[in-house]
Amino acid sequence: MKYSGFKVLWEGLKGNTGWKPLWRKPDPKKNYDIIIVGGGGHGLATAYYLAEKFKITNIAVVEKGWLGSGNIGRNTTIIRSNYLLPQNQPFYEFSLKLWENLEQELNYNSMVSQRGVLNIFHSDSQRDAFVRRGNAMLMSGADASLLGVDALKKLVPFLDFQNSRFPIKGGLWQPRGGTVRHDAVAWGYAKEADSRGVDIIENCEVTNFLIKNGRCYGVETTKGVIKSKKVGVCVAGSSSQVMGKIGINLPIESHVLQAFVSEGLKPVIPGVITFGAGHFYVSQSNKGGLVFGGDIDGYNSYAQRGNLPVIEDVCEGGVALMPMIGRARLLRTWGGIMDMSMDGSPIIDKTKIRNLYFNGGWCYGGFKATPASGFCYAHLLATDKPHNDAKDFLFNRFERGRLIDEKGQGNQPNLH
Amino acid sequence: MLIDHPLLGPRDASEFIYMGDAKLLNRPNWKSQNSKTKFLDYGYLRKNPAGVHKELWYHEQGDRSWLLVTRNTVTHEILKVELARDTKGK
């Protein structure tokens with residue numbers, strides 16, 4: 001189905017009777033070239049780029065629940081490329097460039113809104129660290145600028161500039177960052193993958209892998225056996241559960257991350273703002289709700305719900321940054337299961353089983369990575385070689401001591 | 001979550017620091033065969049179960065003891081709490 005302004009008008013006149021489902025509900029075939037396990041943002045993006053860029057269309061995406069029922073529908077929708085390390089930053093900048101053309105490419109309104117991401121700093125030494133980060137961003141081709149207090153007072157006058165513990169000294173500003181309507185990302189990729197012949201099979205849980213002589217040749221599912229030449233796993237918080245079926249332990253712990261939405265308010269927050277003295281970030285949705293979050297709860301969890309101490313901690317961060325948030329009422333909180341890796345960076349790699357591939361370890365930064373993760377995973381699945389921008393996201397970095405540790409926290413996933 | 005400390009009774013989980021999988025108690029011997037592989041496994045690889053998990057919690061805001069907590073990662077139910085020093089090597 002093609003969308004256009006004319007079509008919206010036409011359907012408005014016809015009482016919106018002509019809209020059709022965006023993807024089919026096919027039964028699985030017996031054989032595919034590639035099976036993607038996991039129908040979330042990354043899995044659907046992988047299927048789309050395999051079909052569009054690598055011309056492989058005999059693909060099934062098998063999903064345990066309904067399409068986009070995991071973290072693609074549970075995140076805080078921020079896109080940005082403000083990383084420091086040379087293994088990470090070019091990848092996230094590649095992702096941001098893909099975001100910028102996403103709606104035209106998918107012919108789907110995913111509401112990519114480049115309203116800017118602002119990282120506040122509160123001390124001279126933090127300013128130095130953010131200057132360094134900004135320079136790393138510029139070197140990767142991204143945009144970044146340093147804003148002083150005067151510029152911030154024009155942009156975000158409601159911040160607590162004179163906070164006695166954490167006075168605001170300025171901010172690192174990435175105008176190209178912003179927010180995206182997260183569900184629409186999954187729906188847009190699903191629509192275009194489906195129209196190229198990809199079978200998206202929902203409510204179909206993978207129960208085991210078919211392996212013979214160290215080679216994977218398909219999966220067992222709740223809808224029967226499906227064979228394929230290659231299998232790509234891409235299941236975020238369930239990574240350890242899925243790979244554990246064949247005895248593979250991953251450098252990953254699953255943790256719960258909570259997110260929050262306030263009641264709808266008039267437009268007040270221009271972009272995304274992050275607090276530099278604690279973990280708190282906030283943006284305002286198009287419906288007016290303040291969308292915010294902070295730290296993970298910090299213990300292994302598959303519960304998709306968190307506990308109150310973290311809610312208190314996040315709200316304290318919010319009030320310290322912008323006291324006016326204390327007047328907003330919290331409407332909803334929810335939790336998602338993060339695949340927290342041992343160094344805070346992802347893995348897009350082959351496994352020790354031939355023809356079985358793995359994509360995971362996105363910690364709580366997976367949403368912004370969706371397009372590049374799909375593109376680079378598609379590149380690996382199609383060519384057996386890592387994409388140049390994801391060439392360091394390999395399993396063997398842990399045994400080689402080449403960790404990609406943005407925060408320098410070591411093998412303690414709840415600190416990344 | 002309330003952690004029923006063996007010495008102090010029920011304490012709020014926010015008094016504790018979470019250190020993860022209790023396998024960290026069993027540090028491999030660096031002189032053993034395949035010690036490189038064993039340390040990779042010890043340092044980085046985790047079973048990460050959905051269900052019963054044995055894990056280490058450090059009572060930083062209390063008596064600074066290390067606890068071995070058996071907890072369900074799906075329901076957050078705490079099934080058993082022991083002092084780590086009583087269980088080491090068992």
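Start with both chains of this predicted model in view: 21 residues of chain A are in contact with 18 residues of chain B. To see where the chain A side comes from, select helix 8 (239–244), strand 12, strand 15 and helix 11 (397–400) of chain A; each of these supplies at least two residues that touch chain B. Colour that side by residue class, and 9 nonpolar, 10 polar and 2 charged residues appear.

Next, hide chain B and show the sheet in chain A. This open sheet has 8 strands in the order 5-6-4-13-14-15-12-16, and the pairing is mixed. Go to the edges: strand 5 (145–147) and strand 16 (330–341) of chain A each have a single partner strand, so one side of each lacks a neighbour in the sheet. Ignoring direction, neighbouring strands are turned by 25° against each other on average.

Now select residues 252–264 and 289–300 of chain A, which are strand 12 and strand 15. These two strands run antiparallel and are joined by 6 bridges. For one bridge pair, pick Leu257(A), whose partner in strand 15 of chain A is Ile296(A).

Then add the helices that pack on the sheet. Helix 5 (residues 124–139) of chain A touches strand 4 (117–121), strand 5 and strand 6 (170–174) of chain A. The direction of helix 5 makes about 15° with that of strand 6 of chain A.

Finish with helix 9 (residues 308–321) of chain A, which also packs on the sheet and touches strand 4, strand 12, strand 14 (280–284), strand 15 and strand 16 of chain A. Measured against the direction of strand 15 of chain A, that of helix 9 makes about 135°.

Definitions and conventions:
Residues are numbered from 1 along each chain as its sequence is written. Chains are lettered from A and ligands numbered from 1 in the order in which they are written. This is a predicted model: local features need pLDDT of at least 70, side-chain atom pairs count only at pLDDT 80 or more; totals for chains, interfaces and linings use all residues. Two strands pair if DSSP finds at least two bridges between them. Helices (H or I, at least four residues) and strands (E, at least two) are DSSP runs, numbered from the N terminus. Axes are lines fitted to C-alpha atoms, for helices over the stretch in contact, and angles run from 0 to 180 degrees between N-to-C directions. Two residues are in contact if their C-beta atoms, placed from the backbone, lie within 7 Å. Ala, Val, Leu, Ile, Met, Phe, Trp, Tyr, Cys and Pro count as nonpolar, Asp, Glu, Lys and Arg as charged, and the others, Gly among them, as polar.
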